[in-house]
Amino acid sequence: AGGNANAAPRLGFVAIPPGVGDALQVPAGYVAQVIAAWGEPIGIAGQMPAFRMDASNNAEDQAVQLGMHHDGLAFFPLNGASTHGLIALNHEYTDDGLLHPDGFLPMTPAKVKKSQNAHGLSVYEVRLNGQQWEMVRPSRYARRFTLGTPFALSGPAAGHPLMRTEADPQGRTVLGTLNNCASSQTPWGTYLSGEENWAFYFDGGKDISPHHRRWGVRDKGFYGWGAHDPRFDVTRTPHEPNRFGWVVEVDPMDPTSTPVKRTALGRAAHEGAWVALTRDQRAVVYSGEDARFEYIYKFVSTGRMQPGGAQANRELLDHGTLYVARFDADGRGAWLPLVHGQGPLTAANGFADQGEVLIKARQASDLLGGTKMDRPEWLSIDTASRWVYCTLTNNSQRGQAGHPGVDAANPRANNTMGQIIRWLEDGDHDGLQFSWNHLVLAGDPANERAEAKGNVKGDIFGCPDGLGFAPNGLLWIQTDAHATQMYKGEFKNIGNNQMLACDPQTGEIRRFLTGPTHCEITGIAFTPDGRNLFISVQHPGETPTDRSDPKNPSQYSSWPDYQKGGRPRSANVVIRKRDGGVIGT
Ligand code: FEO
Ligand code: CA
Ligand code: CA
Ligand code: CA
């Protein structure tokens with residue numbers, strides 16, 4: 001079984017009960033502090049408009065304020081400090097019912113612009129002042145990346161005919177990034193962010209190509225952008241969807257750097273991407289796509305990581321081989337190469353070249369026979385034991401009529417609860433075969449249905465999503481059960497979404513944090529000393545009601561401001577031990 005080869009410190013806090021009510025809870029001896037909520041100015045000198053609680057800030061204000069719906073994040077120490085650094089942060093999506101004073105509908109060009117400016121990424125500076133973390137403003141590092149920010153395309157699909165548009169005839173520069181979900185930090189000091197549910201932003205029209213349909217583009221997107229921005233109307237800009245779904249690399253330490261979409265890592269509904277190093281320092285990038293019955297990937301770089309940080313490794317992720325995972329019933333598995341001309345990936349099967357294989361990675365994986373997973377979310381690599389862990393959040397369609405049945409890796413029909421799978425490569429991280437097992441099947445033993453009971457050793461949870469190893473070898477798990485399923489049925493005893501610590505040696509899981517009403521807990525970043533933990537509280541009060549309801553959804557949550565007439569806001573939270581000790585022990 002997996003686990004840290006060195007003795008991991010045992011869990012040293014008293015578990016908290018399942019979360020109820022509109023508050024964030026941590027164990028005795030810990031303190032949680034809210035920082036960097038949606039709409040706070042990020043600290044660009046001379047451009048720091050205050051957040052207005054009635055959401056009346058305009059699109060220009062929003063472009064220099066923190067975006068909405070915080071998700072993955074990473075801490076970049078300044079001068080190696082655990083008390084001063086930069087936070088790079090994803091803003092996954094917007095809830096336009098909250099974003100505008102008059103709610104979602106009718107959509108207008110100004111509202112589309114504000115929504116686009118509330119998407120993307122932020123970089124902001126933080127410092128520990130006594131016992132309190134604070135944003136440092138102004139900061140020369142403060143930066144927003146929105147749907148208006150130029151991103152360079154690199155790797156085999158850059159410049160490909162399928163990437164060219166009227167506005168970008170070279171196919172080498174994309175404006176913006178979309179639905180950035182999970183994130184990680186590379187060993188050479190950059191930030192990796194996944195473009196996840198980008199398909200939902202496009203209006204596909206009546207005649208969607210089989211290619212775009214395979215990727216989930218539908219006649220109408222969720223956000224109403226297509227009517228006001230021709231880039232999101234596929235009938236007018238048919239290649240624009242091909243320019244999203246990539247892993248984005250950002251150098252937060254250089255405020256003048258151009259962010260890059262790394263096409264060699266393949267196109268997917270990327271949750272995120274995580275780097276391991278082979279013993280000879282090649283980069284192995286694990287990623288998955290959070291969609292029902294889609295795939296887990298790894299990329300192995302040709303070159304080795306060089307000393308010298310971001311600059312010295314600026315092309316490391318542009319050359320290498322992409323593979324899709326196949327999990328076999330005997331506890332073994334194989335990595336199948338997505339290489340043009342090999343196996344079924346030929347011109348006759350619709351792949352003109354390697355660029356097209358990468359743009360159509362799903363179709364390629366279908367032909368190769370990769371295993372169709374239960375919505376792969378975060379991955380994390382145990383650097384001591386070299387086991388790789390991945391959350392599979394849920395898949396209610398597993399085993400249902402017209403959908404794939406159960407398999408060894410995805411063993412439960414109508415999988416409402418999710419599981420965490422892990423594998424160890426034969427040899428090194430570039431190995432082409434591996435052994436795998438499940439760390440845990442999530443669930444509640446009190447449930448009637450066998451498929452929803454799980455086998456959790458410790459505190460119950462459902463829908464694992466965020467995942468991350470701390471510097472001390474403890475594994476942290478975060479959950480994202482949907483508001484529509486919480487507090488009833490199979491989720492009756494599970495409470496608000498939460499964060500738990502797991503000792504990977506014993507499998508013991510203990511509840512550490514519970515969030516406010518209807519939020520998701522996501523994002524894991526420790527300072528190097530393990531004494532400060534940054535997380536994201538996403539979509540408190542997320543409503544299961546009609547998004548067009550102008551009164552939605554502050555009736556469910558008013559975290560963290562608890563202001564009458566205000567709105568719930570996603571925010572980062574930093575957790576410390578009152579005695580200044582290492583978190584979790
Ligand atoms: Fe954005 Fe898969 O969570
Ligand atoms: Ca997620
Ligand atoms: Ca999720
Ligand atoms: Ca989410």
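Visitor: Two strands pair if DSSP finds at least two bridges between them, and helices (H or I, at least four residues) and strands (E, at least two) are DSSP runs, numbered from the N terminus. In strand 17, which residue is the bridge partner of Ser301?

Guide: This is a predicted model, where local features need pLDDT of at least 70, side-chain atom pairs count only at pLDDT 80 or more, and totals for chains, interfaces and linings use all residues. Residues are numbered from 1 along each chain as its sequence is written, while chains are lettered from A and ligands numbered from 1 in the order in which they are written. Strand 16 (residues 296-304) runs antiparallel to strand 17, with five bridges. Look across from Ser301 into strand 17 and you hit Gly320.

Visitor: And in strand 18, what does Arg326 pair with?

Guide: Strand 18 (residues 332-337) is another antiparallel partner of strand 17, again over five bridges. The hairpin they form has four residues between the strands, and there Gly331 takes a positive phi near 85°. Arg326's bridge partner in strand 18 is Ala334.

Visitor: How many residues of strand 17 are buried?

Guide: Buried takes 20 or more other C-beta atoms within 10 Å of a residue's own (exposed is 12 or fewer, partly exposed in between), with C-beta atoms placed from the backbone. Strand 17 covers residues 320-327 and is mostly covered. Of its eight residues, the buried count is seven.

Visitor: Where along residues 1-5 does pLDDT stay under 50?

Guide: pLDDT is the predictor's confidence in each residue, from 0 to 100, and the protein chain averages 95. Where it is low, the predicted coordinates should not be read in detail. The score stays under 50 over the whole stretch, residues 1-5.

Note on methods: Two residues are in contact if their C-beta atoms, placed from the backbone, lie within 7 Å.
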